[in-house]
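Trainee: Before we look at particular residues, could you take me through how to read a few local features, one after another?

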Amino acid sequence: MSNDPLLQPFQLKHLTLRNRIMITSHEPAYPEDGMPKDRYRAYHVERARAGVALTMTAGSASVSRDSPPVFNNILAWKDEVVGWMKKMTDECHDHGCAVMIQLTHLGRRTRWDKADWLPVVSPSHEREAAHRSFPKKIEDWDIQRIITDYVDAAERMKAAGLDGLELQAYGHLMDQFWSPLTNELDGPYGGDLDNRLRFTFDILRGIRERCGEDFLLGVRYTGDECLPGGFGAQDGIAISQKLKASGLVDFLNVVRGHIDTDAGLTDVIPVQGMRNAPHLEFAGQIRKATDFPTFHAAKIPDVPTARHAIASGLVDMVGMTRAHLADPHLVRKVIEKREDDIRPCVGANYCLDRIYQGGMAFCLHNAATGREETMPHAIPATDTPRRVTIIGAGPGGMEAARVAAERGHKVTVFEAADQPGGQIRLTAQQERRREMISIIAWRFDQCTRLGVDFRFNSFADEGDVLATSPDDVIIATGGLPHTEVLTEGNDLVVSAWDILSGDVKPGSNVLIYDDAGDHAALQAADMISASGARVEIVTPDRSFAPEVMAMNLVPYMRALQQRDTTFTVTWRLQTVHRSGNMLTATLGSDYGDVTRQRQVDQVVVNHGTRPLDELYFDLKPQSSNLGEVDYEALATGGLQRVSTNPDGAFRLFRIGDAVAARNTHAAIYDALRLMKDI
């Protein structure tokens, strides 16, 4: 047996968990019609097959009709959920993985205009900032109805064969009862701490009576709201001790903080640039105070941190949820002593930010996650090796090289720079986003191991490519900043890339015009404002930096609001003129014939990129497919069979920003789905 603390079994009541690594409850927003169908099942089964001890599904499954999900959650209040959950659970069990689910009533953390348009309920009328609904103050009949809904939902989960469940108590209805900030009820469910906990214990008793002692129960809860007027750490310890003393629960799953605002949520679930495992020591305090099985997850992205959590006795089970989105085979690689091969989570939080904007959770640099039905995590080798030539070593080019090399092809990569990275290397120059470079570093290590021929400092032309006698050519040259967006004065502006690269020094009074809404403008603003300059960020959008999304916006705002920075929406930069030593920027509006002027000494434009595609068009006439892509095959995971030029010597494809300005995930997904069958 291994001496690795992470690989030791853990006995949870009657259930033996095969190691100490779990996937904590989360909702990747894969359900269909509120049910965990094939995509959802494939996602969890992939990780079960690879060795994780416990997968906790849903984040959180709704127990009541008046708890409509604000993104695509499982509807545990429907009887039809049993069959779908059983199918997934049985398959995970076949691979030795335990399965639980998280149940909740969202309370005020939803909207009244979702699903059946029922009023939001909470123990007070206080609105949650994140979802903006003013709740109905909960009545006695609501309380009894919802308790019954919890118990009924739990019975459905037991009928589906799950090993147990946990109740969600941070930000949702359960801890809206706990917190003095959100509970304005009189007794028996309001007032002192015991009364505020009564709702929780009524539910736990009901589930225990209905489901029996062999159905495991736990609570995932905040042990410290970190809010003035809320309950603090000592209250959290008292709550933990009361949960243990009740005899109704089998484990505690502890977090710290509050999630009613974007900033609060980001502190609970930190993103890149924030401290790893910020609440681990606090979870250890809870475990020490209770001497009770304790689980924890919050930005534990790497195996050494997880190993420390277990070896030091801080927790009994460590959650590595986002790490498993990045690499579902993490546990298998630990078992096989291949930790260096683990694809690292870079904390970009593309996964969570997407679901909060109504999309599915996809990993920024693992395009197979959530697409397990069509995209492989392990690349199969081919019996017919080919010669593959790739131009560009950004994220798309590096993924194309990795996948082609895994297939067993002979791969040559041309890169104009002296090292791989493309736009990622530019992004990672900022300290807060330096983790992004792991997207490139991991692929470079994999490619080096697989024997890829890299030719750096090579601005490849048509002759260079043809000299490799390729069977397939992949153009991954990316794009260059596009700044010619003005009717006058395009020669007077610089790009966000100019600032980030250091090619242009920041001015002292700067207007940043952001018509792309992505990270580049905010990174430039961060860098310029840090120099002491005054910065105004102007966008024609009605919302600020929409491509950055909620949780990633938080660190930027925390920095920028400390400085002389102004945010202006719904104005479009029209012209820039020189006025002595200054520049006059004229702003117009899409909403009417109105203008404003700004006097600045520097104008920075962020308007995405335009493809660097000359080589593609040089090679296109000589290709067998004339650059054509079968979109049906691309979308469904099929083979590319287009052959429109019998005289063509090779197939030609372009990916990522060499096609159009998109993002890192798009480039990597392009590469994976093209190369997996070549």
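Trainee: Let me begin with accessibility: does Ala-129 count as buried, partly exposed or exposed, and why?

Mentor: This is a predicted model, so each value here is computed from predicted coordinates. The class follows from the relative accessible area, where buried means under 20% and exposed means over 50%, with partly exposed in between. Ala-129 counts as partly exposed because its relative accessibility is 43%.

Trainee: Where is Ala-129 found, and which residues does it touch once residues up to four places away in sequence are not counted?

Mentor: Ala-129 is found in the loop between strand 6 (121–122) and strand 7 (136–137), and, with those sequence neighbours set aside, it touches Asp-260 and Thr-261. A separation along the chain can also be set beside one in space: Ala-129 and Arg-386 are 257 residues apart along the chain, and their C-alpha atoms are separated by 56 Å.

Trainee: Is His-665 buried or exposed, and what does it touch?

Mentor: Here the accessible area and the contact list can be read together. His-665 has a relative accessible area of 4%, which is why it is classed as buried, and its place is in helix 22, which spans residues 664–675. Leaving out residues up to four places away in sequence, His-665 touches Tyr-350, Phe-362, Cys-363, Leu-364, Asn-366, Ala-367 and Arg-371.

Trainee: Turning to the backbone, which residues have a positive phi although they are not glycines?

Mentor: For this feature one reads the sign of phi together with the residue type. Ala-58 has a positive phi of about 65° without being a glycine, and Leu-626, also not a glycine, has a positive phi of about 50°. As for their settings, Ala-58 lies in strand 4 and is buried because its relative accessibility is 0%, whereas Leu-626 lies in the loop between helix 20 (614–619) and helix 21 (631–636) and counts as partly exposed because its relative accessibility is 32%.

Trainee: And which residues are joined by a cis peptide bond, with what omega?

Mentor: For a peptide bond, the angle to read is omega. The bond from Gly-59 to Ser-60 is cis, with omega near 10°, and Ser-60 has its place in strand 4 (residues 54–62), the strand in which Ala-58 lies. A cis peptide bond also joins Gly-187 and Pro-188, where omega is about 10°, and Pro-188 lies in the loop between helix 4 (173–178) and helix 5 (193–211).

Technical notes
Residues numbered from 1 in each chain as written. Predicted model: local features only at pLDDT ≥ 70, side-chain atom pairs only at ≥ 80, totals over all residues. Heavy atoms only, no water. Helix = DSSP H or I, 4+ residues; strand = E, 2+ residues; numbered from the N terminus. Buried < 20%, exposed > 50% of the residue type's maximum accessible area, 1.4 Å probe, protein only. Contact = heavy atoms within 4.5 Å.
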